[in-house]
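Subject: Structure handover

Hi,

Here is the structure you were waiting for. My notes follow below it.

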Amino acid sequence: MPAPGSSGLVETTSGALQGSPEGNAIVFRGVPYAQPPVGELRWRAPEPARLDGVIVADSFGPACLQPVNEDGSPNYGGYAGPVSEDCLTLNIWAPQGATNAPVMVWLFGGGGVVGAGSLPTYHGDAFARDGVMLVSINYRLGGLGGWAHPALTAEKAGGPNANYALMDAIAALRWVKENAARFGGDPDNVTLFGESAGATMTANLVTSPLAEGLFEKAIFQSTGSLPTPGTPLAQAEARGEASAKALGLPDATARQLRALPAERFLSDRAAAFGLRTIIDGVVKPASIMETFEAGQEHDVLLMLGTNSDEGRLVGTQRVADLAEDGAPVFQYFFDYVPKALRERDPNGAPHAGELPFVFDTLGTYQLLPEGPTGEDQRVAALVHSCWVAFAKADPAATTLDCGGKFTWPARSEANDHAVAWLAAESRVVAAETLRSPPNGAEPGRTWRDED
């Protein structure tokens, strides 16, 4: 099915959308993929969206509830703008005139408590330019996205319970599967990818039975939580009871909990942070690492990696080793710092440093107010081309051609479990040679290998 015409009008399973032609893309902003998770739908699995009339999708939706700065400056997740409990929207950059374009679905990072799919760094113009349909989503954050209480569990005997952010991502993936072809995308070639907390979500979905068949490829960027065991449901419920008690509801009913103003609920510190991985037996029967160790993950084409100064190698290497006996695995080590930031980051690329390179959005990067250098742009073009090559690759591909400039082999015993060292001069190295940071200095502030 071809992409929408120049009018930008698309009939979806939830209603009609009007997009905006922009450069190489037709862009749809703020598209509801589920009903607002408010009132009786708070702490429930998302319900399908129902749209009335034609929705003019020209504005990003509000981010999910999170701390924001009163002065309007970006918070520590890079977001400044409106927030709301009614926030389950996605954004689409569809290549103009495409047919069966690869689809990439982005899960942003931010510790599971801040961030939004609409940040300029995550815009999909470059992906659309290169023939890939990019979808970014908002998902519930903090205790609205990951929380448990016995009163809520009792409502849904047998689950799913507690992992609402993951359920949001599953609902978005289902919407994409049902509607990708209407935008010129290929519903049978979907790559799920995320960074930090978004990468943890991606890994959780690669190991969740409920996500089976919703994507064919996955990318984990800089998660430090692969070895983390997750929180048993009973323990999560006990934490929820403690939060409810602190909020004046020692014997809370589900109705009382949902009647709490969201801002008051999030005023409790434990509730505000929530829990990212709750072992509820349905969404998450086991932890990420336990599932990979048992060989029960979805056998999808996999890319995973870390940045050179974030100390997150141990879990990444372990999962790469375990996954190597299934579909091909591509591992990377991102080791490039823009020229303007080398004094600030002398030991290598910090956490989140790869993002404007992956999306080829250095021109909007807040940390480079003077703009990128020619070398910065050259590295961004290469890295971005690797992600595009992965999205376009056959599910059994054992090499990636990164824009004709770099050949990236999948890991194997024969090539010493090859890793793409992405830098000013990219090269292929053996996995066992990696050190974070490479110069032997103390790891950066986001060190997570023992988590």
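I start with a space inside the protein. Val206, Phe292, Glu297, His298, Asp299, Val300, Leu302, Ala323, Ala327 and Val329 line the second largest cavity. Please keep in mind that this is a predicted model. The volume of this second largest cavity is about 60 Å³. Its lining splits into 7 nonpolar, 1 polar and 2 charged residues.

**Cavities and the pocket**

How many cavities of 30 Å³ or more does the structure hold? There are 4. The largest cavity has a volume of about 130 Å³. It is lined by 17 residues. Nearest its centre lie Gly145, Gly146, Ala165, Leu275 and Arg276. The lining comprises 10 nonpolar, 5 polar and 2 charged residues. Helix 2, helix 4 and helix 5 each give at least two residues to it. Helix 4 has the largest share, with 3 residues.

There is also open space to look at. The largest pocket holds about 950 Å³. Its lining has 39 residues, and Tyr76, Gly77, Gly78, His351 and Ala352 lie nearest the centre. By class, that lining has 19 nonpolar, 13 polar and 7 charged residues.

**Gly146**

Gly146 deserves its own paragraph, as one of the residues nearest the centre of the largest cavity. It sits in the loop between helix 2 (142-145) and helix 3 (150-155). Is Gly146 buried or exposed? It is buried, because its relative accessible area is 1%, and the cut-off for buried is under 20%. Leaving out residues up to four places away in sequence, Gly146 touches Ala162, Gly274, Leu275 and Ile278. Thr306 is 160 residues from Gly146 along the chain, and their C-alpha atoms are 25 Å apart.

**Helix 5**

Helix 5 covers residues 197-206, and 10 of its 10 residues are buried. Among them are Met201, Asn204 and Val206. Val206 also belongs to the lining of the second largest cavity. What do the buried residues of helix 5 pack against? Their partners are strand 9, helix 4 (164-179), strand 11 (185-195), strand 12 (217-221) and helix 10 (288-293).

**The 11-strand sheet**

An open sheet of 11 strands runs in the order 3-4-8-10-9-11-12-15-16-19-20, and its pairing is mixed. Strand 3 (20-22) and strand 20 (427-430) are the edge strands, each pairing on one side only. On average, neighbouring strands of this sheet are turned by 25° against each other, direction ignored.

Strand 8 is a good place to look in detail. It spans residues 89-95, and 7 of its 7 residues are buried. Thr89, Asn91, Trp93 and Pro95 point one way from the strand. Leu90, Ile92 and Ala94 point the other way. Strand 8 pairs with strand 4 (residues 25-32) in the antiparallel sense, over 6 bridges. Pro95 is the bridge partner of Ala25 there. Strand 8 also pairs with strand 10 (residues 133-137), again antiparallel, over 4 bridges. Here Leu90 stands opposite Ile137.

Further along, strand 16 (residues 329-334) and strand 19 (residues 418-422) pair in the parallel sense over 4 bridges. Phe333 has Trp421 in strand 19 as its bridge partner. Helix 13 (residues 374-392) packs on the sheet and touches strand 9, strand 11, strand 12, strand 15, strand 16 and strand 19. The direction of helix 13 makes about 150° with that of strand 12. Helix 11 (residues 313-323) lies across strand 12, strand 15 (301-307) and strand 16. It runs at about 160° to strand 15.

**The 3-strand sheet**

Another open sheet has 3 strands in the order 1-2-5, with mixed pairing. Strand 1 (9-12) and strand 5 (54-56) are its edges, each pairing on one side only. Strand 2 (residues 15-18) pairs with strand 5 in the parallel sense over 3 bridges. Val54 in strand 5 is the bridge partner of Ala16.

**Thr121**

Last, a loop residue. Thr121 lies between strand 9 (101-107) and helix 1 (125-129). Thr121 counts as buried because its relative accessible area is 15%, and the cut-off is under 20%. Setting aside neighbours within four places in sequence, Thr121 is in contact with Leu355, Pro356, Phe359, Thr361, Thr364 and Tyr365.

Best wishes

Notes. Residues numbered from 1 in each chain as written. Predicted model: local features only at pLDDT ≥ 70, side-chain atom pairs only at ≥ 80, totals over all residues. Heavy atoms only, no water. Buried < 20%, exposed > 50% of the residue type's maximum accessible area, 1.4 Å probe, protein only. Pairing = 2+ DSSP bridges. 1 Å grid on protein atoms, 1.4 Å probe; cavity = no way out; pocket = protein on both sides within 12 Å on 5 of 7 lines; lining within 4 Å. Points joined across faces, edges and corners; volume = space filled by probe spheres on them. Nonpolar A, V, L, I, M, F, W, Y, C, P; charged D, E, K, R; others polar. Contact = heavy atoms within 4.5 Å. Axes fitted to C-alpha atoms, helices over the stretch in contact; angles between N-to-C directions.
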